Amino acid sequence: MRAPQSPSTCLSNPRARFSHSSFHQCRLSSGNPEIPFYNEAMGIFAETIPHIIALAAALAAFATLYWNTRAADWQRLSAPGAFSAWCCAIILLPMLWRFSVPLSGGPVLHMAGLPIFVLMFGRRLAMTGAALSVLAYTIAFDAQWLNLGLNLLLLAVLPAYCGDALMRATERFLPRHMFVYLLGNGFFGTMAMLALLNMLSLGVYYAIVSAATASGDALAYMLLLSWGESFLTGLLLTMFTVYRPEWVLTFDDNVYLRGK
């Protein structure tokens, strides 16, 4: 086991600042409650979860990812700039997850960045890309490998299926118009997706990790953060659809523009 570090070492060592285990050791050794213990709300990277849950989640996640990766239409990434945009999203997601807001005695809230990924590339490509982001985050920030399967479910599999279901519902039940696509998916759909996923993630966190710290404040802050991210997602989707439509693989000109 790694020896606990002093508070001065924790604050001066860059690796210690970005290591989950180091954060925990710093708090144990220094007793300083102001040093945050990074348990992300959308994923569980720092805490140890029961092995049976980790195994079941890993089997479900890997099986789902294998099927979706094989069935993905990789040729669609051959559009100008599409593959580069897909790779950029994979790189940016772990960085985005590090910009977080710690709650007292609870998890850390952060933007998800997943709705725009699903809206741009569809379920299968977004799921594969988000899975690579989870893997990169686990490697770069010394996260728990035991939790990889559960994090893949929370940050790749469920967001992809949820976003795909909302897009299908918008296309089926609402008029096929460009503004319906942009507002229905980019704002309202994103808000519903984030609220559902974040509530599920908080529920998993409190059920598996720390039920004693459950608080209504976390849910309220999470909904506020989801509201703000939905605005940003709608703005980005509009910009990409207008100026870089080749990046938005879920937008079909024949459906939303022809004859309008």
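Me: I'd like to start with F117. Which residues does F117 touch, leaving out those up to four places away in sequence?

Reply: Happy to help! This is a predicted model, and in it F117 is in contact with W86, A89, I90, L93, G122, A126, G129 and A130.

Me: How should I read a cluster like that? Which residues of the largest nonpolar core touch the most other members?

Reply: The general idea first: in soluble globular proteins, nonpolar side chains tend to be buried together. Here, the largest nonpolar core holds 58 residues, and F117 and F121 are the ones that touch the most other members.

Me: Which elements give two or more residues to this core?

Reply: They are α4 (51-71), α5 (82-98), α6 (114-140), α7 (148-173), α8 (178-209), α9 (216-243) and α10 (253-256). With 14 residues, α6 gives the most. Another core, of 6 residues, lies apart from this one, and its members include Y205, Y206, A218 and M222.

Me: Now for empty space. How many cavities of 30 Å³ or more are there?

Reply: A cavity is a space where a probe fits but cannot get out. The count here is 2 cavities of 30 Å³ or more, and the largest cavity has about 60 Å³ of space.

Me: Which residues line the largest cavity?

Reply: Look for P115, V118, L119, G163, L166, M167, G184, N185, G189, T190 and M193. At least two lining residues come from each of α6, α7 and α8, and α8 has the largest share, with 5 residues.

Me: And how many of those lining residues are nonpolar, polar or charged?

Reply: The lining has 6 nonpolar residues, 5 polar ones and no charged ones.

Definitions and conventions: Residues numbered from 1 in each chain as written. Predicted model: local features only at pLDDT ≥ 70, side-chain atom pairs only at ≥ 80, totals over all residues. Heavy atoms only, no water. Core = buried A, V, L, I, M, F, W, Y, C linked by side-chain atoms within 4.5 Å. Buried < 20%, exposed > 50% of the residue type's maximum accessible area, 1.4 Å probe, protein only. Helix = DSSP H or I, 4+ residues; strand = E, 2+ residues; numbered from the N terminus. Contact = heavy atoms within 4.5 Å. 1 Å grid on protein atoms, 1.4 Å probe; cavity = no way out; pocket = protein on both sides within 12 Å on 5 of 7 lines; lining within 4 Å. Points joined across faces, edges and corners; volume = space filled by probe spheres on them. Nonpolar A, V, L, I, M, F, W, Y, C, P; charged D, E, K, R; others polar.
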